[in-house]
Amino acid sequence: MDLSAINPVLLIASLMVAATPLLLAAIGELVVEKAGVLNLGVEGMMIVGAISGFAISVETGSPFLGLIAAIIGGALLSLLFAFLTQFALANQVASGLALTLFGLGLSALMGQSYVGIKPPAMAKLDLPVISDIPVIGPILFSHDPVLYIGIALCAAVWAFLKFSRGGLVLRAVGESHDAAHALGYNVIRVRILAIMFGGACAGLGGAYISLIRVPQWTEGMTAGIGWIALALVVFASWKPWRVLLGAYLFGGINVLQLNLQAAGIAIPVEYLAMSPYLITILVLVIMSADKSRAPASLGRTFHASQ
Amino acid sequence: MIKLEKRPMPSRTLSMATPLIAVVITMIAGGLLFAALGKNPFEAIRTIFWDPVLGEYAFYYRPQLLVKAAPLVLIAIGLSLGFKAGIWNIGAEGQYIIGAICGAGVGLAFYPTESILIFPLMILAGALGGWAWAMIPALLKVKFGTNEILVSLMLVYVAEQLLASMSLGLLKNPEGHGFPGSRNLNDYPSATSWINEAAGLHWGMAFAFIAVIFAYVLLNRHILGFNIRLTGEAPRAARFSGVNPTRLILFCLGTSGALAGMAGLFEVSGPSGQISIDFNVGYGFTAIIVAFLGRLHPVGILLAGLLMALTYIGGEIAQGNLGLPSAAIQVFQGMLLFFLLALDLLTNYRVKFAAKGAA
């Protein structure tokens, strides 16, 4: 085993890359849950985003168009969930599961002819001088643009929920849909918009995996990241900045275990690969002591029966 | 304008009719999907739903139907108990894998001893393995209030890694020339779940039938089943009448884990034959669709399991004959669940057409 082969600067830089899909998906789901909807279909929306983004960027040669396609793909899929839960008043847990099962199948179908292809590369930020500063340069100033978008999105969601009127309405709908309805807010519309935002973020997160992080298409390549994103929202007690912290923590664990695998540590590969999932469970257990922060209407069906 | 009015009681007729309507709509939507893929939709639907049962080579496919349905029914019966009470075990795939590893491990430990006692012992180990794996989310939920959905799902990924480790390490066939995977249990008469391989009969089917009857009696004739239904339909009433939620969680998750573990054991010692990295094919997830399609009712689940098995077999035939991609069947199964959930609206609500402004 050779631990000196692990370069801390590269470790932090790759940690940020590993954390970004998680961050994107989790920040989207946070908004959805703040509106009182539990969408368990994150994994399905991510994988559909991953293949839509991949296919479009291969066909057009533009990674940017691919990302747009992923956002649209994720949002479209989430509309199915919105229809089921908001109009057909179906159980949210079952509908979310259906979305994931359907998304996994759909992505496999769409991705058949894209296995083993390399997508066009995404340009990285490269500022003269600044990107070349040792340590700070590679960590802060030489990533792809989506990574910065993720952080900016986190800040934007925080500001939206805390300072804007729209954010207040969204939180009101999530805390008590009956009260919000009585005040004249359109609960269903707010929730559908939130669900679509969640879908768009999950789609972008998925495309980040297939276009930038890996970059390749393989069936089921999101490998539970969507589910970890759901756990991350609980971990963050529904607070945007803690989602960022949590995503970097999980990204760090994942990168560290991959580095340990490469360094040939005495623990078998399979047990290292388990660690992100086991740590997720551990974190869930620790955080579940405090239930008070969950939006009060989370997971409940709203039906305006005069 | 369309208005929805909640029914005082879910409609019984529609509750039974909606799965059938959902299947029909899925066939239409699936036909459109197949047409979009450039296949003849009528031929594809016929290949999937007709040929395995009544087609020319049906004699070959019919036994397969039970082979595929058995694990689905066994797992779905367990899941339905929890789903009825609002306890969501969605990690059946993990419990299935652990059951298979434990059961096969016990069998392989006795190799090559022949004894009539080995197979019952394997069943016990499989059930215990699945039970123990399901007890992790159950105990965490009971002790700390942790969400069982996420924990049980995370454990699927852990179980998959454990499976990889086992088939490359501890349970690897010592005479396998270095290939991953365990000894083939079908070559070990005391440890095979086949009753008659030619007829496609294995013990998993017997246990699936027993599970259906057991669940039916439990839900309709036993106080525990009544409490499960009560907790699902009126949680407050259940609390006032003194239903112990802790016991209910432990029972529902434990039973579904044990049944999924048994399903894994029957699969690994029969149709699959050996522990290998990818012997699991997602029955644990498909069983969720089966449970809903069967309306969480034991007899319904039996029928839904057979139907889902049909789509698996029909899908394989269509893959061979028509070049239909295997993922298309997965999409098809996912669509079925969508339509079913959407149609549930009719069961619980009355749709009324009223003039705008009349309300």
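## Close-up views of a predicted two-chain model

**View 1. Ala94(A), a buried residue at a meeting point of the two chains.** With 22 C-beta neighbours inside 10 Å, Ala94(A) passes the cut-off of 20 and so counts as buried. This model is predicted, so please read each view as a computed picture. Ala94(A) sits in helix 4 of chain A. Which residues does Ala94(A) contact, leaving aside its neighbours within four places in sequence? The partners are Phe292(B) and Leu341(B), both from the other chain. If you would like a landmark within chain A, try Val187(A): 93 residues of sequence lie between the positions of Ala94(A) and Val187(A), counted as their separation, and their C-alpha atoms are 21 Å apart.

**View 2. The side of chain A that touches chain B.** Stepping back from Ala94(A), we come to the contact as a whole, to which chain A brings 41 residues and chain B brings 39 residues. Four helices of chain A each supply at least two residues to this side: helix 3 (63-87), helix 4 (92-110), helix 10 (225-235) and helix 12 (269-287). Which helix of chain A gives the most? The answer is helix 4, with 12 residues, and helix 4 is also where Ala94(A) lies. Sorted by class, the side of chain A that touches chain B holds 30 nonpolar, nine polar and two charged residues. For the complex, the predictor gives an ipTM of 0.86 and a pTM of 0.88.

**View 3. Chain A on its own, built from helices.** Chain A has 12 helices and zero strands, so you will meet one α after another when reading along the sequence, in the pattern α-α-α-α-α-α-α-α-α-α-α-α. The radius of gyration of chain A is 20 Å, close to the 19 Å given by the globule rule for 306 residues, and therefore chain A is as compact as a globular protein of that length. Its C-alpha atoms fill a box of roughly 65 × 45 × 40 Å along the principal axes. Buried residues make up 50% of the 306 residues of chain A. Of the contacts in chain A between residues at least 6 apart in sequence, 78% join residues at least 24 apart.

**View 4. Trp238(A), a loop residue with a positive phi.** Look for Trp238(A) in the loop between helix 10 and helix 11 (240-263) of chain A. Most residues other than glycine have a negative phi. Trp238(A) is not a glycine, yet its phi is positive, at about 60°. Is this loop residue buried or exposed? Trp238(A) has 21 other C-beta atoms within 10 Å, and because the cut-off is 20 or more, it is buried.

**View 5. Leu296(B), a positive phi in chain B.** Here the loop runs between helix 12 (283-293) and helix 13 (298-322) of chain B, and Leu296(B) is found in it. Leu296(B) is a residue other than glycine with a positive phi, near 55°. Leu296(B) counts as buried because it has 21 C-beta neighbours inside 10 Å.

**View 6. Chain B and its two domains.** Chain B has 14 helices and four strands. Its mean pLDDT is 86, and 98% of its residues reach 70 or more. A compact globule of 359 residues would have a radius of gyration near 21 Å, and the 22 Å of chain B agrees. The C-alpha trace of chain B spans about 80 × 55 × 35 Å along its principal axes, and 52% of its 359 residues count as buried. Chain B is divided into domain 1 (1-37 + 325-359) and domain 2 (63-321), whose centres, taken over C-alpha atoms, are 29 Å apart.

**View 7. Where domain 1 of chain B touches domain 2.** Nine residues of domain 1 are in contact with 10 residues of domain 2. On the domain 1 side, helix 1 (12-36) and helix 14 (326-348) each supply at least two residues, and helix 14 gives the most, with seven. The residues on that side are six nonpolar, three polar and no charged.

**View 8. Two annotated spans of chain B.** An unreviewed UniProt entry places the feature "transmembrane region" at several stretches of chain B, including residues 20-37 and 327-346. Residues 20-37 are 94% helix and 0% strand, with end C-alpha atoms 25 Å apart. Residues 327-346 are 100% helix and 0% strand, and their end C-alpha atoms lie 30 Å apart.

Definitions and conventions: Residues numbered from 1 in each chain as written. Chains lettered and ligands numbered in written order. Predicted model: local features only at pLDDT ≥ 70, side-chain atom pairs only at ≥ 80, totals over all residues. Domains from an automatic or database assignment. Contact = placed C-beta atoms within 7 Å. Nonpolar A, V, L, I, M, F, W, Y, C, P; charged D, E, K, R; others polar. UniProt positions renumbered as here; feature names shortened; annotations may be inferred. Buried ≥ 20, exposed ≤ 12 C-beta atoms within 10 Å, placed from the backbone. pLDDT = per-residue confidence, 0-100. Rg over C-alpha atoms; globule rule 2.2 N^0.38 Å.
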